[in-house]
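Notebook open, model loaded. I'm jotting things down in the order I looked them up.

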Amino acid sequence: MPFIQDLLARFRQTVTAYAGDDALMQAGVSAAANVIVADGEVAGDELETALAGVLASPILEKGYDVLMLDEALHEAIGRAGTRAGRAENLRRVAAIAGRPMEQREGVFRVAVDVADHDGIAAIERAALSEIAAALLVDADAFLKAAAQLKRP
């Protein structure tokens, strides 16, 4: 029976990939946007990191092209300019809280990568904590593991 359930889950994931998973895409760009604007500066390398991170999802790479993701990211950044917009972005992030841990961690990983260009500032850490809470992931454990991987 587990074999059949696994097969059905993979089939659903494949169908979703080709149809485009809007909730997952919105969660990824919204999380990235909240981190990008946290320090008050929108840097080009942060945008590139966000797009590359979102495209790294096997589900999203099949359903969206770079232009679609770029447009969605810029819309999310536009929302993140206000407190209400950041809250809306967090709502979009929280929309996938019931998804498998792999997807939630993937979204969080994008946000961490965006924050970690010049080290994670306190304001970015605060944004990451809000995103982790929305995704139901352990930010401290994730950041500790990421720091371990970063060491030479």
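**Entry 1: a bridge between loops**

I started with Asp21, which forms a salt bridge with Arg99; their closest N and O atoms are 2.8 Å apart. Note to self: this is a predicted model. Next I checked where the partners sit. Asp21 is in the loop between helix 1 (2-19) and helix 2, and Arg99 is in the loop between helix 6 and helix 7, so the pair ties together parts that are 78 residues apart in sequence.

Are the two ends buried or exposed? Asp21 comes out at a relative accessible area of 6%, so I logged Asp21 as buried, the cut-off being under 20%. Arg99 has 24% and goes down as partly exposed.

**Entry 2: the other salt bridges**

How many salt bridges does a search of the whole structure find? It finds 3. With the loop pair written down, I moved on to helix 6.

There I found the side chains of Glu88 and Arg91 in a salt bridge, 2.6 Å from N to O. Both residues lie in helix 6, 3 residues apart, which is about one turn of the helix. Glu88 also meets Arg92 through a side-chain salt bridge, at 2.9 Å from N to O. That pair is in helix 6 as well, with a spacing of 4 residues, again about one turn. I therefore filed Glu88, Arg91 and Arg92 as one entry, since salt bridges link them in a network.

I looked up accessibility for the trio too. Arg91 is partly exposed at 49% relative accessible area. Glu88 has 22% and counts as partly exposed. Arg92 is likewise partly exposed, with 22%.

**Entry 3: overall fold and core**

Time to zoom out. I count 9 helices and 0 strands in the protein, and the pattern along the sequence reads α-α-α-α-α-α-α-α-α. Of the 152 residues, 39% are buried.

Then I pulled up the largest nonpolar core, which has 43 residues. Which residues have the most contacts inside it? My list reads Val35, Leu73, Phe108, Leu128, Ile131 and Leu135. At least two residues of this core come from each of helix 2 (22-38), helix 3, helix 4 (58-63), helix 5 (66-79), helix 6 (83-94), helix 7 (101-115), helix 8 (122-135) and helix 9 (139-150). Helix 2 gives the largest share, 10 residues.

**Entry 4: negative charge on the surface**

On the surface I found a patch of negative charge where Asp39, Glu41, Asp45, Glu48 and Asp118 gather. I picked Asp45 for a closer look. It lies in helix 3 (residues 44-55). With a relative accessible area of 38%, Asp45 is partly exposed, and that value fits the patch because members need over 30% and no salt bridge.

**Entry 5: one backbone oddity**

Last lookup, a phi angle. Most residues other than glycine have a negative phi. Leu136 has a positive phi of about 60 degrees, and it isn't a glycine. Where is Leu136? I found Leu136 in the loop between helix 8 and helix 9. Its relative accessible area is 56%, so I put Leu136 down as exposed, the cut-off being over 50%.

Notes: Residues numbered from 1 in each chain as written. Predicted model: local features only at pLDDT ≥ 70, side-chain atom pairs only at ≥ 80, totals over all residues. Heavy atoms only, no water. Patch = residues over 30% accessible without salt bridge, like charges linked within 9 Å, V, L, I, M, F, W, Y side chains within 5 Å. Areas by Shrake-Rupley, 256 points an atom, 1.4 Å probe, with all protein chains shown as cover. Salt bridge = Lys/Arg side-chain N within 4 Å of Asp/Glu carboxyl O. Lys, Arg positive; Asp, Glu negative; His and termini not counted. Charge placed at Lys NZ, Arg CZ, Asp CG, Glu CD. Buried < 20%, exposed > 50% of the residue type's maximum accessible area, 1.4 Å probe, protein only. Core = buried A, V, L, I, M, F, W, Y, C linked by side-chain atoms within 4.5 Å.
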